[in-house]
Amino acid sequence: MLKNMKIGLGITGSFCNLSKVKPEIEMLKAEGVEKIIPIVSYSILTESNRFGTPEDTINLLQQETGETIVDTISKAEPIGPQNLVDIIVVAPCTGNTIAKLANGITDTPVLMAIKGHVRNNKPVVLGVATNDGMGANGENILKLLNTKNIYFIPFTQDDPEKKPKSLVYDYTKLVDTVKMALENKQIGPLII
């Protein structure tokens, strides 16, 4: 079902979840995806941390996709008008990105790509990765669950004892979620 598809892959600053990106790309390629266009938030471009450097992430994305990184709002803007992708997947998708998306804020390349893409009535899949998914950001997740063309990869609490409000997506469900989103359906169960 994903053969010859073009996918926009948004990566936002949930740095502890960046290790999932390479397996995600490999899974999509194994399904016959024709092109994966990497789109990054500004934090990916500027923040070094214990999980790596911006250069590490950019190199990984370019090597794995063979595509140029979409790293500015002006580079992301044509994605919608030129109908460049069939679906956008943002995984990991931070609480910050979820909050901005739920409230119509477009101030990063990832958000601009989504904005242009949904105007074509096409699906967006989100892989939630936030420490406040069952707290302050809960209302934004619920708002997006009720938004046309927005679909979520199933998620769970990643550490109920130490981080009781934290949610993280199950990257192994990415391909199935994408397939269902292309049929305008939300995969379930959503909460694992």
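Helix axes are taken here as lines fitted to C-alpha atoms over the stretch in contact, with angles running from 0 to 180 degrees between N-to-C directions. With that in hand, two helix pairs and one strand residue of this predicted model can be walked through in turn.

The pairing of α1 with α3 makes a good starting point. Helix α1 spans residues 21-30 and helix α3 spans residues 54-65; their axes approach within 10 Å and cross at roughly 10 degrees. Angles under 35 degrees count as roughly parallel, and α1 is therefore roughly parallel to α3. On the α1 side the contact is formed by V21, K22, I25, E26 and K29, and these meet L60, L61, E64 and T65 of α3. The make-up of this contact is mixed, with four nonpolar residues, four charged residues and one polar residue.

A second pairing brings together helix α5 (residues 95-102) and helix α7 (residues 138-145), whose axes come within 9 Å and cross at roughly 55 degrees. The two helices are therefore oblique to each other, and α5 passes α7 in a left-handed crossing. Here I98, A99, L101 and A102 of α5 are in contact with N140, I141, K143 and L144 of α7. Of the residues in this contact, six are nonpolar, one is polar and one is charged.

Helix α7 also repays a look at its two sides. Its residues G138, N140, I141 and L144 are buried. Viewed down the helix axis, the buried residues of α7 lie within an arc of 165 degrees, so they line one face of the helix. Such an arrangement can be read against the geometry of helices in general: an α-helix has 3.6 residues a turn, so residues three or four places apart point the same way. E139 and L142, on the other side of α7, are exposed. The cover over the buried residues of α7 includes helix α5 along with the strands β4 (124-130), β5 (150-152), β6 (155-157) and β7 (167-169).

Attention turns finally to a single strand residue. V40 belongs to strand β2, which covers residues 35-40. Its relative accessibility is 0%, and V40 therefore counts as buried. Beyond its neighbours within four places in sequence, V40 is in contact with I11, L45, I58, L61, I69, V70, D71, P109 and V110. One of these, L61, also takes part in the contact of α3 with α1. As for T57, 17 residues separate it from V40 in sequence, while the C-alpha atoms of the two are 9.6 Å apart in space.

Key
Residues are numbered from 1 along each chain as its sequence is written. This is a predicted model: local features need pLDDT of at least 70, side-chain atom pairs count only at pLDDT 80 or more; totals for chains, interfaces and linings use all residues. Side-chain values use heavy atoms; hydrogens and water are left out. Helices (H or I, at least four residues) and strands (E, at least two) are DSSP runs, numbered from the N terminus. Angles under 35 degrees count as roughly parallel, over 145 as roughly antiparallel, 65 to 115 as roughly perpendicular and the rest as oblique. A crossing is left-handed if the near helix is turned anticlockwise from the far one by less than a right angle, and right-handed if clockwise. Contact means heavy atoms within 4.5 Å. Ala, Val, Leu, Ile, Met, Phe, Trp, Tyr, Cys and Pro count as nonpolar, Asp, Glu, Lys and Arg as charged, and the others, Gly among them, as polar. Buried means under 20% relative accessible area, exposed over 50%, partly exposed in between (1.4 Å probe, protein chains only). The arc is that of the directions from the helix axis to the C-beta atoms.
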